[in-house]
Amino acid sequence: MPRRKISDSWLAEYMRWTEKHESPELFHIWTAFTVVAASLGRKVYLVRRSIKTYPNLYTLFVGPSGVGKTQAMLKGLDILKASKVPPEMSAQKTSPEALLEDLDSYTDAIQEGEKVKWVTKPALIFTSEFPVFFGRRGQREEMANLLTELWDCPEGKWEYKILSR
């Protein structure tokens, strides 16, 4: 077995790595949690009362301009991009329909005998300004509803239809 490159927990090492950084410690802790969740995706879950719970996080940093929200997130993003299998990345500005198309492209069908198993790759929505991601005023409610629906990480392929004009 290869020797560990870090001597402590990953979180402790991450916090040591960011301790001299300008962002508040709490932003770095939640960035670290988000990096772990994005890396694990659907490969790890807990079962409670026969319900699978995946490490699915919606992490939002709230604070005044210049406090270091984006800088903390960028540290975590650097780690994810450098990983052997980085998560898929959504566009920073998108529509609900485009987000669904992105998520659909991150899903592969694997034939297991007569059944088809849908395997979803880990995905990350990264945006430094949340209102930019949520889009124009008319689609904000639709995007909020979609993210709420997707929170439960439904099994299989998530079906949707787009009205074409």
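Where in the protein is the place of Arg49? Arg49 sits in the loop that runs between β1 (46-48) and β2 (51-53). The structure under discussion is a predicted model. It comprises 165 residues, and its secondary structure amounts to 6 helices and 6 strands. The points below cover the overall architecture, the surface and charge, the loop between β1 and β2, and a nonpolar surface patch.

**Overall architecture**

- The order of elements along the sequence is α-α-β-β-α-β-α-β-β-β-α-α.
- The C-alpha trace extends over about 50 × 50 × 30 Å along the principal axes of the protein.
- Of the contacts with a separation of 6 or more, 61% join residues that are 24 or more positions apart.
- Buried residues account for 26% of the 165 residues.

**Surface and charge**

- The protein has an exposed area of about 12,000 Å².
- Carbon and sulfur atoms contribute 55% of that exposed area.
- Among the side chains, 24 are positive and 21 are negative.
- The centre of the positive set and the centre of the negative set are 4 Å apart.

**The loop between β1 and β2**

- Strand β1 covers residues 46-48 and strand β2 covers residues 51-53, with Arg49 in the loop between them.
- Ser50 also belongs to the loop between β1 and β2.
- Arg49 has a phi near 55°, which is a positive value in a residue other than glycine.
- Ser50, likewise a residue other than glycine, has a positive phi near 65°.
- Arg49 is classed as exposed because its relative accessible area is 70%, and the cut-off for that class is over 50%.
- Ser50 is also counted as exposed, since its relative accessibility is 70%.

**A nonpolar surface patch**

- Which residues form a nonpolar patch on the surface? The patch consists of Leu26, Trp30, Phe33 and Leu57.
- Together, these four side chains' residues present about 360 Å² of accessible area.
- Trp30, one of the patch residues, is located in helix α2, which spans residues 25-40.
- Is Trp30 buried, exposed or partly exposed? Trp30 is partly exposed because its relative accessible area is 36%, a value that falls between the limits of under 20% for buried and over 50% for exposed.
- The same 36% is compatible with membership of the patch, because patch residues must have over 30% relative accessible area.

Note on methods
Residues are numbered from 1 along each chain as its sequence is written. This is a predicted model: local features need pLDDT of at least 70, side-chain atom pairs count only at pLDDT 80 or more; totals for chains, interfaces and linings use all residues. Side-chain values use heavy atoms; hydrogens and water are left out. Patches are made of residues with over 30% relative accessible area and no salt bridge: like charges are joined within 9 Å, nonpolar side chains (Val, Leu, Ile, Met, Phe, Trp, Tyr) within 5 Å. Accessible areas come from the Shrake-Rupley method with a 1.4 Å probe; for residues, only the protein chains shown count as cover. Helices (H or I, at least four residues) and strands (E, at least two) are DSSP runs, numbered from the N terminus. Buried means under 20% relative accessible area, exposed over 50%, partly exposed in between (1.4 Å probe, protein chains only). Contact means heavy atoms within 4.5 Å. Lys and Arg count as positive and Asp and Glu as negative; His and the chain ends are not counted. The place of a charge is taken as NZ of Lys, CZ of Arg, CG of Asp or CD of Glu.
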